[in-house]
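Here are some short exercises on a ligand and the empty spaces in a protein. Have the sequence and the model open beside you, and try each task before reading its solution.

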Amino acid sequence: MSDLAERLDVAARTATAIPQIVSAAGVDADGAYTVQRDLVARRLARGERLVGIKLGLTSRAKMAQVGVDEVIWGRLTDGMRVADGGTVDTGGLIHPRIEPEVAFLIDAEGNASAVAPALEVIDSRYDDFKFSLADVIADNSSAAAYAIGAWRPLPDGLDNLGVLLEVDGRVAQVGSTAAILGDPRRAIEAAARLAGRAEAGWVLLAGAATAAVPLAPGASVRAVVEGLGTVGVRAS
Ligand code: OOG
């Protein structure tokens, strides 16, 4: 298992795609979460801090895009965080894509105390962005970077807010928060069930509301979530 984690770690650090080594080794989903833990442990050993959880494949659009139809989760570190309005360095990534999300701030009771629009950059470490369930789980659910807009208290309804993904001022994807498990608030229970209790102050990325789009150097990307505001990044 730890050699699989090492190969994924090297793939990420050198921005070099690799074959689907986890499914090829016959590792199942449970084993793949052990590989993921070992992979993220390498980042923590280099000084990064665990700051949250991401859910993946919580929408039909995403499941259809990658051909895997189970909700998955991954670990977020402070090293993946990009400021709202900040820059994502695509030079260190293989074939990055970007997607619009909703983020929750988790309190000491495990409840969401605030919500914000978010952008997630995903970058599969596998050739051609192709993987099976075990491969993508081991690869920390393709996590690469994320940005979060301004936090605000949870509004009454979060279940049908319009979502736009804009690239260079043009609409690239349109969706609704309803795409995220029917209501993104379901992500809070789903994360607790799948990943265990979050720590106070952790971020939860609920998963993308639309398919992801390629992130090219020079692009300016903005997510707009109705009633929640906007968040943007630039790619260099
Ligand atoms: C897997 C990760 C999906 C999401 O928000 O659905 C994900 C992938 O598409 O590479 O992060």
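The exercises below go from the ligand to the cavity and then to the pocket.

A note on the model first: it is predicted, local features need pLDDT of at least 70, side-chain atom pairs count only at pLDDT 80 or more, and totals for chains, interfaces and linings use all residues. Residues are numbered from 1 along each chain as its sequence is written, and side-chain values use heavy atoms, with hydrogens and water left out.

**Exercise 1. Find the residues that surround the ligand, and sort them by element and class.**

Step 1. Take every residue with a heavy atom within 4 Å of the ligand. This gives 17 residues, and the closest are K54, L57, K62, E99 and S142.

Step 2. Assign them to helices (H or I, at least four residues) and strands (E, at least two), which are DSSP runs numbered from the N terminus. At least two residues each come from β1 (50-56), α4 (60-66), β4 (97-106), β5 (112-122) and β9 (203-208). The largest share, three residues, belongs to β1.

Step 3. Sort by class: Ala, Val, Leu, Ile, Met, Phe, Trp, Tyr, Cys and Pro are nonpolar, Asp, Glu, Lys and Arg charged, and the others, Gly among them, polar. The shell has eight nonpolar, four polar and five charged residues.

**Exercise 2. Look for polar contacts to the ligand's oxygen atoms, then work out how much of the ligand is buried.**

Step 1. Search for pairs of N or O atoms within 3.5 Å. L57 offers a backbone N or O atom 2.7 Å from a ligand oxygen. From K62, a polar side-chain atom lies 2.8 Å from an oxygen atom of the ligand. In E101, a side-chain N or O atom is 3.1 Å from a ligand oxygen.

Step 2. Compute the accessible area (Shrake-Rupley method, 1.4 Å probe). Alone, the ligand exposes 320 Å², and the protein buries 100% of that.

**Exercise 3. Describe the largest cavity and say what sits there.**

Step 1. On a 1 Å grid over the protein atoms alone, mark points where a 1.4 Å probe fits but cannot get out; lining residues have an atom within 4 Å of a point. One cavity of 30 Å³ or more turns up, and the largest cavity holds about 130 Å³ of space.

Step 2. List the lining. It has 18 residues, with K54, L57, K62, I122 and S141 closest to the centre. β1 gives the most, three residues.

Step 3. Place the ligand, asking that more than half of its atoms lie within 2 Å of the grid points. The ligand sits in the largest cavity.

**Exercise 4. Characterise the largest pocket.**

Step 1. Find an open set of points with protein on both sides within 12 Å along at least five of seven lines. The largest pocket contains about 440 Å³ of space.

Step 2. Its lining counts 26 residues, and A12, R43, G92, L93 and A144 are closest to its centre. α1 supplies the largest share, four residues.

Technical notes:
Polar contact = N/O pair within 3.5 Å; in protein donor to acceptor, adjacent residues only side chain to side chain. Points joined across faces, edges and corners; volume = space filled by probe spheres on them.
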